[in-house]
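Work through the exercises below with the sequence and the structure in view. Each task is followed by a solution in steps.

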Amino acid sequence: MSTGTAADGGAPARARDAGALWRLAVATLDGNWEHDHTVPSRTLYPHQWSWDSAFIAVGLSHVRPDRAWRELRTLFAAQWADGRVPHIVFNPALRAGSYFPGPAFWDSARVAGAPAVATSGIVQPPVHALAAWLVHRRAPSERSRAELAWLYPRLVAWQRYLTGRRDVGGAGLASIVHPWESGLDNSPAWDPPLAAVPADVAVMRAYQRHDTDHADAAHRPTDLDYARYVALVDAYRAGGYRDDGLGGRHPFLVECPLLNTALGLAEHALAAIARETGADPGPHRERAARITAALVDRLYDPVGGTFHPRDLRTGRLVPARTALGLMPLALPGLPARPVAALLAEACSPRFGLAARMDRPLPSHDRTAPDFEPLRYWRGPSWQNLNWLLWRGLRAHHRFDLAAGLRDSMIDLVATAGCHEYFHPDTGAGLGSPAFGWTAALLLDVLAET
Ligand code: 2M8
């Protein structure tokens, strides 16, 4: 049996040899390690990404715990004074032009409160407290307690940023100001709010995209998507990345079910971290309960039986049924009705979750007319969404479905290697062939039976 190598993404190795898969995942993470952090991909994403690093730390905890802590430390060393954790921390050693949009475009150096290292000015879902807790739990030690103690106030400041300055809707949920902040860049969930952002595709003539040098353009967001992404950063940067008065001036403001699920999960994890480090867990538990209640109140549609983003510009829920809507299942305190509805949604032909899955879980409703099996977050299967849902199924005692999803996650890598994303019908590997979180989260599911 060929297990492939990290460099070729471990190309087809159908057999389910757990040892070989484990070695492939470790080799992939080792290959992407870059002195103090792990790059998501050597070609497409050569810097440090925020939520990638959290998922990667979870995987590293199984094999390289020192690196797991280093990963989180490096990211939080780049935290802004207002508590935000930037979605990209740029590696100063890389040549300009290795990624678009790079440091010159974000221009963080000009902003008071930004760190010395160049970063972006937007954020990604706050999955870091959960990651820190899981890294510690894997092998508790004096070292891991010291790391938790170092991270705790920083994680609290990160939560405060999101629940304070970013609570544009005033209902206890954080808003995103850019689709990139959701992590699901071109999800159909963002089509209606994004369509309202004025942009001219011709602006892209002034820039050079690099993603399409490394990935098939037909899989990536379009130039018009990028024109809007650029317009949104322009608007946010022009205001010095300040969040006061966003409601009156920013053209894209949405409450995202995934980001807010992560926000609630973070409070649960912070309660555990507080207990471990001698702080008071009570306020974290209360905040977790409040965030969960606000999610149900603001983003749950009891008629359709799933969660949707709320567009603050229109006040309405975005109708698309994407995998974003399934993510609140990860919250242990989600009430019984939405839990039952999300299980039904996940097991419907839209997503095909089953104790024995015949196809991978898609990122978008596969029965929808705008489902695109090849294009990035508009259909393909992604291991980080699978992993969050897998955790949710276990939290709600659906071990049968959790086992089916875990099998599907392992099959994807056994068939195609550590790809960035996978064809939702065939499981073929798509995007970057040696992708960090795919490798990391595979280690985590392999370790748990
Ligand atoms: C993708 O996003 C970046 C922008 O942040 C890009 O397309 O260039 C997304 O998949 C995002 O979720 C991920 O964190 C990032 C790096 O893997 O790539």
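On a 1 Å grid over the protein atoms alone, a cavity is a set of points where a 1.4 Å probe fits but cannot get out, and lining residues have an atom within 4 Å of a point. A molecule sits in a cavity if more than half of its atoms lie within 2 Å of its grid points. This is a predicted model, in which local features need pLDDT of at least 70 and side-chain atom pairs count only at pLDDT 80 or more, while totals for chains, interfaces and linings use all residues. Residues are numbered from 1 along each chain as its sequence is written, and side-chain values use heavy atoms, with hydrogens and water left out.

**Exercise 1.** Find which space the ligand takes.

Solution. Start with the count: there are 2 cavities of 30 Å³ or more. The largest cavity has a volume of about 220 Å³ (the space filled by probe spheres set on the points, which are joined across faces, edges and corners). Its lining has 21 residues, and Tyr45, Trp49, Gln124, Asp185 and Tyr376 are the closest to its centre. The ligand takes the space of this largest cavity.

**Exercise 2.** Identify atoms of the protein that lie by an oxygen atom of the ligand.

Solution. First take the side chains: a polar atom of tyrosine 99 lies 2.5 Å from a ligand oxygen, and one of tryptophan 49 lies 3.0 Å from a ligand oxygen. Then take the backbone: an N or O atom of glycine 183 lies 2.6 Å from an oxygen atom of the ligand. These are pairs within the 3.5 Å limit for N or O atoms in a polar contact.

Note on methods
Polar contact = N/O pair within 3.5 Å; in protein donor to acceptor, adjacent residues only side chain to side chain. 1 Å grid on protein atoms, 1.4 Å probe; cavity = no way out; pocket = protein on both sides within 12 Å on 5 of 7 lines; lining within 4 Å.
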